[in-house]
Amino acid sequence: MLKIDHLSASYKTIDGNVHVVKDVNFEIYDNEIFGIAGESGCGKSTLLKTLYDIIEFPLEIDSGKVVLSGEKNGKPFSYESGEIRKSWWNHISYVPQAAQSVLNPIVRLKSQFLDSIPKEDRHNETEQQTLQRVAKYLEELGLSPDILDAFPFQLSGGMRQRAIIALATFMSPNVVLADEPTTALDVVVQRGILMMLMRLQRQFKNTLVLVSHDMGVHYQITNRMGIMYSGSFVELGKTEDIFNDPIHPYTQMLIGALPRVGDKSQKVGIPGRPPALTNPPPGCRFAPRCPKATDKCRSVVPEFCEIKPGRYAACHLLKPEVK
Ligand SMILES: Nc1ncnc2c1ncn2[C@@H]1O[C@H](COP(=O)(O)OP(=O)(O)OP(=O)(O)O)[C@@H](O)[C@H]1O
Ligand SMILES: [Mg+2]
């Protein structure tokens with residue numbers, strides 16, 4: 001569904017280039033929930049922007065590309081970076097981070113829905129008929145159609161987030177990108193939003209790409225996930241496998257720091273800080289914090305490769321079992 005082919009992107013700033021996405025190479029499949037995890041500032045949102053093709057100054061793609069391809073209603077489609085925006089709403093949609101603030105507070109929700117449905121997808125309907133379809137869809141999602149007459153500021157945070165998810169999924173796109181959709185919401189509302197996203201993915205059998213720094217969210221709902229560190233994936237595989245048997249030292253430390261029910265052992269954080277992205281270390285970007293780092297780790301960038309079937313990692317200390 002989405003092929004990310006050796007993609008590198010950076011922000012051009014007066015202090016130099018901030019290399020935020022570095023040689024990212026992986027695929028996201030049809031009919032899966034793919035999670036992207038990693039600590040704040042590691043480039044999750046920037047990667048999502050490149051998938052959605054919002055490449056605006058100061059962000060630039062330095063090399064590589066994203067290909068979105070698949071089939072909708074029997075019609076094959078394929079778009080590359082630079083043309084993916086032609087497929088917005090219809091094949092791919094995006095719930096940005098802090099999405100609640102992207103709704104225009106002084107425009108009623110019904111106008112915001114109408115603006116997001118291209119004319120050619122209205123099948124010669126009147127606005128009233130399109131809004132009836134929207135109202136029916138909201139009801140299916142358990143939302144009151146009355147919200148269409150409301151201004152965004154009249155809704156609670158959770159309700160606004162649900163409305164945005166409804167907006168992003170109304171055209172049943174093949175891919176939905178959601179950036180931290182539950183951050184800043186209380187746990188009960190968080191759960192409701194996650195359940196809604198899961199139900200929609202099951203209903204449409206499409207692809208959901210979910211960015212979250214919260215490992216608990218990934219554990220609950222993603223099928224596969226990638227762990228980002230300083231602009232690249234360090235490990236990628238089935239979520240269950242990553243939690244049960246993390247293979248990259250960073251993932252091991254990350255999973256080891258998570259509290260578990262019944263486990264009374266003292267948890268330790270990962271010492272140090274991620275490197276500055278303007279001047280990253282020459283070898284593995286995790287080497288300065290890695291207890292197992294060797295001289296090679298400090299000088300040669302490890303390749304991101306398949307270690308076990310379906311399991312990828314970038315670490316000199318791991319020997320690929322897959323030829
Ligand atoms: N417009 C910009 N100009 C320069 N640097 C930027 C810009 N936007 C983001 N960055 C830098 O790029 C890096 C990655 O940012 P990004 O928002 O992708 O991280 P993130 O993983 O989504 O973080 P968070 O978990 O906090 O949302 C950060 O170091 C950030 O400071
Ligand atoms: Mg972010």
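**Sheet, helix packing and magnesium site**

Strands β9 (residues 224–229) and β10 (residues 232–238) run antiparallel and are joined by 6 bridges. Within this pairing, methionine 225 has glycine 237 of β10 as its bridge partner. The structure described here is a predicted model, and the two strands belong to an open sheet of 8 strands, arranged in the order β6-β7-β8-β3-β9-β10-β12-β11 with mixed pairing. The edges of the sheet are formed by β6 and β11 (305–308), each of which pairs on one side only. On average, and with direction ignored, neighbouring strands of this sheet are turned by 20 degrees against each other. Helix α8 (residues 249–256) packs on the sheet, where it touches β9 and β10, and the direction of α8 makes about 105 degrees with that of β9.

Packing between helices was examined for two pairs that share α4. Two packed helices are described by the angle between their axes and the distance between the axes. For helix α4 (residues 157–169) and helix α5 (residues 187–204), the packing angle is about 15 degrees and the axes lie 10 Å apart. Because angles under 35 degrees count as roughly parallel, α4 and α5 are therefore roughly parallel to each other. The crossing in which α4 passes α5 is right-handed. On the α4 side the contact is made by Gly158, Gln161, Arg162, Ile165, Ala166 and Thr169, while α5 contributes Val189, Gly192, Ile193, Met196, Leu197, Leu200 and Phe204.

In the second pair, the axes of α2 and α4 come within 10 Å and cross at roughly 25 degrees, so that α2 is roughly parallel to α4. The crossing of α2 and α4 is likewise right-handed. Here the contact is made by Leu109, Gln112, Phe113 and Ser116 of α2, together with Ala163, Ala166 and Leu167 of α4. Ala166 of α4 thus appears in the contact with α5 and also in the contact with α2.

The magnesium ion (ligand 2) has as its protein donors Ser45, through OG, and Gln97, through OE1, which lie 2.0 to 2.1 Å from the ion. These donors link distant parts of the chain, 52 residues apart, with serine 45 located in helix α1 (residues 44–52) and glutamine 97 in the loop between β6 (92–95) and α2 (109–116). Glutamine 97 has a relative accessible area of 41% and is accordingly partly exposed. The loop that carries this donor therefore lies between an edge strand of the sheet, β6, and α2, a helix that packs against α4.

Technical notes: Residues numbered from 1 in each chain as written. Chains lettered and ligands numbered in written order. Predicted model: local features only at pLDDT ≥ 70, side-chain atom pairs only at ≥ 80, totals over all residues. Heavy atoms only, no water. Donors = N, O, S within 2.8 Å, 3.2 Å for Na, K, Ca; no water. Helix = DSSP H or I, 4+ residues; strand = E, 2+ residues; numbered from the N terminus. Buried < 20%, exposed > 50% of the residue type's maximum accessible area, 1.4 Å probe, protein only. Pairing = 2+ DSSP bridges. Axes fitted to C-alpha atoms, helices over the stretch in contact; angles between N-to-C directions. Contact = heavy atoms within 4.5 Å. Parallel < 35°, antiparallel > 145°, perpendicular 65-115°, else oblique. Left-handed = near helix turned anticlockwise from the far one by under 90°.
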